[in-house]
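Visitor: I'm new to this one, so could you pick a single part and walk me through it slowly? I'd like to see what surrounds it, too.

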Amino acid sequence: MPKKEVIDAVTMKRALTRITYEIIERNRGIDNLVLVGIKTRGIYIANRIAQRLEQLENVSVPVGELDITLYRDDNKREGIEAELHASDIPASLEGKEVILVDDVLYTGRTIRAALDAVMDLGRPKRISLAVLVDRGHRELPIRADFVGKNIPTAQTEEIIVEVEETDGQDRILINRKED
């Protein structure tokens with residue numbers, strides 16, 4: 001089965017706007033908020049949410065970039081040599097409302113690694129999770145607080161998020177992996 005577009009640019013923008021409004025509603029003000037995007041596409045999504053927050057609330061929310069490479073459990077298990085890319089967190093996380101941002105939530109292992117990385121950087125007041133797509137199939141007890149779209153998938157499928165910044169267009173594809 002060839003790649004099939006399941007979400008176009010307009011629908012993707014709506015999903016990000018919905019996440020933004022939910023963040024405003026649940027946080028009762030965004031003055032103590034820090035968005036932390038998980039490399040790579042989570043950073044672009046976090047930046048877009050921050051731009052929308054600024055448009056709606058007239059408050060500039062800091063956006064950090066988190067590299068979880070050294071925290072992944074699959075690298076250790078498979079003997080993969082991890083290549084570290086620097087994390088860039090522009091504000092202290094101590095006592096802050098941190099929202100981790102990623103493109104796709106799948107098994108939960110990426111988020112577990114991100115939680116470990118954030119805790120090494122400081123002690124936030126609270127950590128929430130925002131994802132563009134929740135595709136199910138969790139292996140760990142992790143759930144997103146803010147979800148753009150739920151897209152149920154089979155284990156033999158993958159979700160591909162394309163963003164303008166790296167892929168030249170915004171869309172979400174589903175691809176059936178060959179067995």
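Guide: Let's come in from a side chain on the way to our part: E139 has a relative accessible area of 48%, so it counts as partly exposed. Keep in mind that this is a predicted model. E139 makes a salt bridge with R109, and their closest N and O atoms are 2.6 Å apart. E139 sits in the loop between β5 and β6 (146-150) while R109 belongs to helix α4, so the pair ties together parts that are 30 residues apart in sequence. R109 is partly exposed too, because its relative accessible area is 29%.

That brings us to our part, helix α4. It runs over residues 109-121, which makes 13 residues. At 1.5 Å a residue these should span 18 Å, and the end C-alpha atoms are 19 Å apart, so the two values agree. Now, which residues of α4 are buried? They are I111, A113, A114, A117 and V118. Looking down the axis of α4, you'd find these buried residues within an arc of 155°, so they line one face of the helix. As a rule, an α-helix has 3.6 residues a turn, so residues three or four places apart point the same way. Just after α4 comes G122, with a positive phi near 160°.

What does that buried face pack against? Its residues pack against β2 (33-38), β3 (63-66), β4 (97-105) and β5 (126-134). Let's visit some of these strands.

Start with β4, where you'll find D102. D102 is buried, yet it has no salt bridge. The nearest side chain of opposite charge is that of R72, 7.3 Å away, and a salt bridge needs a nitrogen and an oxygen within 4 Å. Leaving aside residues up to four places away in sequence, D102 touches T110 and I111, among others, and its contacts also include I38, A130, V131 and L132.

Also in β4 is E97, which pairs with R126 of β5 in a salt bridge, the closest N and O atoms being 2.8 Å apart. This pair links distant parts of the chain, since E97 and R126 are 29 residues apart. E97 is buried, because its relative accessible area is 11%, whereas R126, at 40%, counts as partly exposed. Across the whole structure, a search finds twelve salt bridges.

Next comes β2, where six of six residues are buried. Both of its faces are covered: L33, L35 and G37 are on one side, with V34, V36 and I38 on the other. β2 pairs with β4 in the parallel sense over five bridges, and V34 stands opposite V98 there. β2 also pairs in the parallel sense with β3, this time over four bridges, with G64 as the bridge partner of V36.

One more neighbour of these strands is worth a look: helix α2. Its buried residues include G42, I45, A46 and L53, and what covers the buried residues of α2 includes β2, β3, β4 and β5. Those four strands are the ones α4 packs against.

Terms used. Residues numbered from 1 in each chain as written. Predicted model: local features only at pLDDT ≥ 70, side-chain atom pairs only at ≥ 80, totals over all residues. Heavy atoms only, no water. Helix = DSSP H or I, 4+ residues; strand = E, 2+ residues; numbered from the N terminus. Expected span 1.5 Å × (residues − 1). Buried < 20%, exposed > 50% of the residue type's maximum accessible area, 1.4 Å probe, protein only. Arc of directions from axis to C-beta. Contact = heavy atoms within 4.5 Å. Lys, Arg positive; Asp, Glu negative; His and termini not counted. Pairing = 2+ DSSP bridges.
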